[in-house]
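Hello,

Here is the structure we spoke about handing over. Please open it next to this message; my notes follow below.

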Amino acid sequence: MMTTLPERRRRAVITGIGVVAPNGIGTDAWWSATTSGTSGINRISRFDPSRYATQFAGEVDGFDALDYISRRLMMQTDRWTWMGLAAANMAFDDAAFRPDDYDPYSMSVITASSSGGNEFGQVEIQKLWSKGANHVGAYQSIAWFYAATTGQISIQHGIKGASGVVVTEGAGGIDALAHGRRAVFRGIDAVVSGGVEAPIGPYALTCQMATGRLSSVADETAYRPFDERASGYVPGEGGAILLVENLESAIRRGAPTIYGEILGYGATHDGHHPWAPPPDASQLARAIKLALRDARIEPEDLDVVFADGAASRAWDDLEAQALHEALGDHAAAVPVSVPKSMTGRLYAGGASLDVASALLAMRHGVIPPTVHADRPIPGCGLDIVRDVSRSADVRTALVLARGYGGFNSALVLRRISTPDITNDAHLEAR
Amino acid sequence: MTEAPFTYDDLKHILVERIGLSEAEVPEDLDITFGELGLDSLAIVEVQLSLQQDYGVSIPDEDADAIGTLREAIDYTNHRLLSVEVV
């Protein structure tokens, strides 16, 4: 018997993945690199970094925006938006979803950004101080600001449902997906979500260096999460754009792949200090507990954790503490990985790329590794997946992300198996 | 007669370099409008800024609103450039 579902029973699932990452453009290339432990971190090549304390980063080599968008659109937008538009196209293709086929108001775009259009802004600011205000181009008005990528995706694809941008630094990729899930609960059928970032330029890098959290080690092993040699993180560019759909609509249209469900979400704020680490891990732990409760699961249900992995002793210790506090005995048993050790931290793009990793781990039964972290910090009590990927039956995953300024976010994802889809009863399961 | 200082090729250069049109997209027909070329209001501001930055011709908004075709833009710019020379 078909019934109209109450809105709170709608379920948000991910049906399309688009990746632009330092170790691979496109999901297949990136996943192949990620599971084989191939890093995309190298000496910065897009400008001369020799005068900068940070000289290594995860750059996306070989990315040509013209493969995805027109030259005219390219002139109006930043590299970050090029990557967002490219990843959105890939996600639509992966999901076999054509926005033109649907009511424009049934779709939304909700992405994360933590720094906007850096490179475009730098060029225009240089014109401002070298030539004067009349020399700033008109497109500066739409290219630099945080909502530009959301806006351009909505314009290019005719998406007119309530849309937005989330600005919570490294937590943004999770927060955007959680907003996307909420949009589905409120009646939207498809949401383009996730995040990308393009922060590898002189101006943007200078802003990041001021945080004191970047590694100044000048080699490709500089980013070592949960390792006793941790010296800070390496920045990177890129990210993942995902298509979030209402499960029922995805089934009805015959979506080729339902990677998994966004089952639970928790977000907290340290409320302690703009940049200093909090005195304890209670707020990150609370975010994890909120996500588990929202997902209606127990810690023992988790098959993998994709950790934030800040790669500084203080922040890594806090994350380990949070996992022990929130997961109890299971914290020592569940595999933990930080694949971003192969890409650098992608800010708003990082967590959505980790969500893509979690979904593909479920699909392929393999957990990608944390590289360059073979000397675990003593007593952290976590089972870090090191060096090489590990086979595992992954049904439920936890993704953690922290954002500069005190943001903590946790997302629980669950695999959706074929019987779930073929059995109509699942629609009323919750 | 003074040779026109601002030519079709100059305008074409702006449309290619600042707006991102391909060479082939800029028509020989000077009576086509910027709107027909797919330029929105922001793109027209960019053309305006380009004329100001590269040729020193500041175009008041009310004049810009009256310019519809490529020919009108070329004629207007030349008129302004030549009258500045006279003064």
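A:Phe47 and A:Tyr52 are both buried. This is a predicted model, so please read everything here in that light. The search of the whole structure gave eight aromatic pairs over all chains. In the pair of A:Phe47 and A:Tyr52, the ring centres are 5.4 Å apart and the planes stand at 80°, so the geometry is edge-to-face.

A second edge-to-face pair joins A:Tyr233 and A:Tyr347. Its centres are 6.0 Å apart, with 75° between the planes. A:Tyr233 sits in the loop between helix H8 (202–209) and strand E8 (238–246) of chain A. A:Tyr347 sits in the loop between strand E11 (335–337) and helix H13 (350–364) of chain A. The pair therefore ties together parts that are 114 residues apart in sequence. Both rings are covered: A:Tyr233 is buried at 5% relative accessibility, and A:Tyr347 is buried at 7%.

One aromatic cluster is also worth a look. Its members are A:Phe92, A:Phe97 and A:Tyr102.

Next, the charged side chains. The count is 24 salt bridges over all chains. In chain A, A:Arg253 meets A:Glu245 at 2.7 Å, N to O. Both of these residues are buried. Chain A also has a network of salt bridges that links A:Asp308, A:Glu319, A:Arg345 and A:Arg402.

Chain B has salt bridges too. B:Glu23 pairs with B:Lys12, and their closest N and O atoms are 3.6 Å apart. This pair links distant parts of the chain, 11 residues apart. B:Lys12 is in helix H1 (8–19) of chain B, while B:Glu23 is in the loop between helix H1 and helix H2 (41–55). Are the two partners buried or exposed? B:Glu23 has 52% relative accessibility, so it counts as exposed. B:Lys12 has a relative accessible area of 16%, so it counts as buried.

B:Asp31 and B:Arg71 form another salt bridge, at 3.0 Å, N to O. B:Asp31 lies in the loop between H1 and H2 of chain B, and B:Arg71 lies in helix H4 (residues 70–86) of chain B, so the bridge ties together parts 40 residues apart in sequence. Both ends are partly exposed: B:Asp31 has a relative accessible area of 44%, and B:Arg71 has 35%.

On the surface, look at the nonpolar patch of about 360 Å². A:Trp144, A:Phe145, A:Tyr146 and A:Val167 make it. A:Trp144 lies in the loop between helix H5 (140–143) and helix H6 (148–157) of chain A. Its relative accessible area is 42%, so A:Trp144 is partly exposed.

Helix H6 of chain A also holds A:Thr150. Where A:Trp144 is partly exposed, A:Thr150 is buried, at 5% relative accessibility. Leaving out residues up to four places away in sequence, A:Thr150 touches A:Val109, A:Ile110, A:Thr111, A:Ser163, A:Gly164 and A:Val165.

Last, the cysteines. How many disulfides does the structure hold? The number is zero over all chains. A disulfide is a covalent bond between the sulfur atoms of two cysteines. Two cysteines of chain A may be of interest for their settings. A:Cys207 is partly exposed, with a relative accessible area of 43%. A:Cys380 is buried, at 7% relative accessibility.

Best wishes

Note on methods
Residues are numbered from 1 along each chain as its sequence is written. Chains are lettered from A and ligands numbered from 1 in the order in which they are written. This is a predicted model: local features need pLDDT of at least 70, side-chain atom pairs count only at pLDDT 80 or more; totals for chains, interfaces and linings use all residues. Side-chain values use heavy atoms; hydrogens and water are left out. Patches are made of residues with over 30% relative accessible area and no salt bridge: like charges are joined within 9 Å, nonpolar side chains (Val, Leu, Ile, Met, Phe, Trp, Tyr) within 5 Å. Accessible areas come from the Shrake-Rupley method with a 1.4 Å probe; for residues, only the protein chains shown count as cover. A salt bridge is a side-chain nitrogen of Lys or Arg within 4 Å of a carboxyl oxygen of Asp or Glu. Helices (H or I, at least four residues) and strands (E, at least two) are DSSP runs, numbered from the N terminus. Buried means under 20% relative accessible area, exposed over 50%, partly exposed in between (1.4 Å probe, protein chains only). A disulfide is a pair of cysteine sulfur atoms within 2.5 Å. Contact means heavy atoms within 4.5 Å. Rings of Phe, Tyr and Trp (its six-membered ring) pair if their centres lie within 6.5 Å; planes under 30 degrees apart count as stacked, over 60 as edge-to-face and the rest as tilted.
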